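Trainee: Can we go through the protein–DNA contacts one by one? Short questions, short answers.

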2 protein chains.
Amino acid sequence: MSAEMLKGHLDAVLLATIGDDALHGYAIIEAIRARSGGHFDLPEGTIYPALHRLELAGLLASRWVQPDGGRKRRVYSLTDSGRRSLVERRAGWQSFATGIDRVLGARA
Amino acid sequence: MSAEMLKGHLDAVLLATIGDDALHGYAIIEAIRARSGGHFDLPEGTIYPALHRLELAGLLASRWVQPDGGRKRRVYSLTDSGRRSLVERRAGWQSFATGIDRVLGARA
DNA sequence: AGTTATACCTAGCATTACTAGGCTTAAGGA
DNA sequence: TCCTTAAGCCTAGTAATGCTAGGTATAACT
C-alpha cells in the first residue's frame, strides 16, 4: 500500500517514533504500525539498515539490553543531534506537504 | 530545498499540474513552481525523463506543436488512464500524508 | 519435536530524481 | 553583424534508498 512513497521520509518516521523512548527494532516496527493507524507496515529489511544508517550518522545511539525473559535486544535512542534533526525534519515535512497539497489541489 | 523528498510523488505532481490542459515541459516546470508557492523548483533533468516514463506507461500522450513564434514544443495531455491514475494518486497521497501526520504528531 | 513469535542481520535489486552535460532556435543588445 | 540570453528539448551516468529474499538464534507453546 505504501509502495515507496516513503522515500525520503523514513528517517523522520523513525526519529519521531523513537522520540523520548528507547526502543528496539522490532518494537519500532510495531509502534509505526500502531501510530500510523495501519498505514505503514514496514518490513525488517527496511528498518534495520535504516537504523544502522542513522546511528552511523550520529542521530541515534544504541545499546544491547538483556531482558529477564527473551533474547537480547538492541535498543535505540535519539542523540542530541537526532533531536535537532527531528525538529528540522518535522518542519521539512510540513513544508513539503503544503507544497504537494497546493499542487494536487487537496486539503485546502 | 526539495532535495529528494519528492520520490514517489513526482508522477502525481505532473499529472495534477497538467490536469485538463495541454502543456509542454518548460511550461510544466514553471507551473509547478508557481502552483507550489515556490516550494518546488524542479530541474529539466527531472521533468523530461519523467514525462517520457509517464507517456510510456500510457498515462500521458504527447504531440509536437509549432507555435507562431518560437520553436517547436512537445505538448502533453492526460489520457483516460492518466485521469484515472490521478484520482488514485490523489487518494494515495491523502492516505499517505495522514499516516505521516499521525506518526510525526503534526497537523492534528 | 515441531511450530510460532520474537529478534537481529545482510547482499543484491529496482526505482527514481538529480547532476552535468549537449543541442537548437529565436530575440535583443552592442 | 556578432554575441548573449532565454526558451525548449534531450540523455548518460550517479547516488540514494527502500524492498525482496534469504539467513541466524532464542523462547514459548503444543
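Trainee: How do the residues of the surface near DNA strand C divide into nonpolar, polar and charged?
Mentor: Keep in mind that this is a predicted model. A residue joins this surface if one of its heavy atoms lies within 4 Å of the strand. The surface near DNA strand C then divides into eight nonpolar, nine polar and eight charged residues.

Trainee: And how do the residues of the surface near DNA strand D divide?
Mentor: There are 24 residues around DNA strand D. They split into eight nonpolar, eight polar and eight charged.

Trainee: Which element gives the largest share of the surface near DNA strand C?
Mentor: Elements from both chains each supply at least two residues here. Chain A offers α2 (25-35), α3 (44-56) and β3 (73-78), and chain B offers α3 (44-56). The largest share is five residues, and it comes from α3(A).

Trainee: Which element gives the most to the surface near DNA strand D?
Mentor: Those supplying at least two residues each are α3 of chain A and, from chain B, α2 (25-35), α3 and β3 (73-78). With five residues, the top contributor is α3(B).

Trainee: Which residues come nearest to DNA strand C?
Mentor: The strand has 25 residues around it. Chain B places Thr46(B) among the nearest. The others named are from chain A: Glu44(A), Arg71(A), Arg73(A) and Arg74(A).

Trainee: What percentage of the atoms of DNA strand D within 4 Å of the protein belongs to sugar and phosphate?
Mentor: The closest residues to DNA strand D are Thr46(A), Glu44(B), Arg71(B), Arg73(B) and Arg74(B). For the strand's own atoms within 4 Å of the protein, the sugar and phosphate share is 58%.

Trainee: How far is the polar side-chain atom of Arg73(A) from a phosphate oxygen of DNA strand C?
Mentor: On DNA strand C, 59% of the atoms within 4 Å of the protein belong to sugar or phosphate. His52(A) has a side-chain N or O atom 3.1 Å from a phosphate oxygen there. For Arg73(A), the distance is 2.4 Å.

Trainee: Which residue has a side-chain N or O atom 2.5 Å from a base nitrogen of DNA strand D?
Mentor: Set the phosphate contacts of this strand aside. Those include a backbone N or O atom of Gly8(A) at 3.0 Å and the side chain of His52(B) at 3.1 Å. The base nitrogen contact belongs to Arg71(B).

Trainee: What is the distance from Arg71(A) to a base nitrogen of DNA strand C?
Mentor: A polar contact needs N or O atoms within 3.5 Å. The polar side-chain atom of Arg71(A) lies from that base nitrogen at 2.5 Å.

Terms used:
Residues numbered from 1 in each chain as written. Chains lettered and ligands numbered in written order. Predicted model: local features only at pLDDT ≥ 70, side-chain atom pairs only at ≥ 80, totals over all residues. Heavy atoms only, no water. Polar contact = N/O pair within 3.5 Å; in protein donor to acceptor, adjacent residues only side chain to side chain. Helix = DSSP H or I, 4+ residues; strand = E, 2+ residues; numbered from the N terminus. Nonpolar A, V, L, I, M, F, W, Y, C, P; charged D, E, K, R; others polar.
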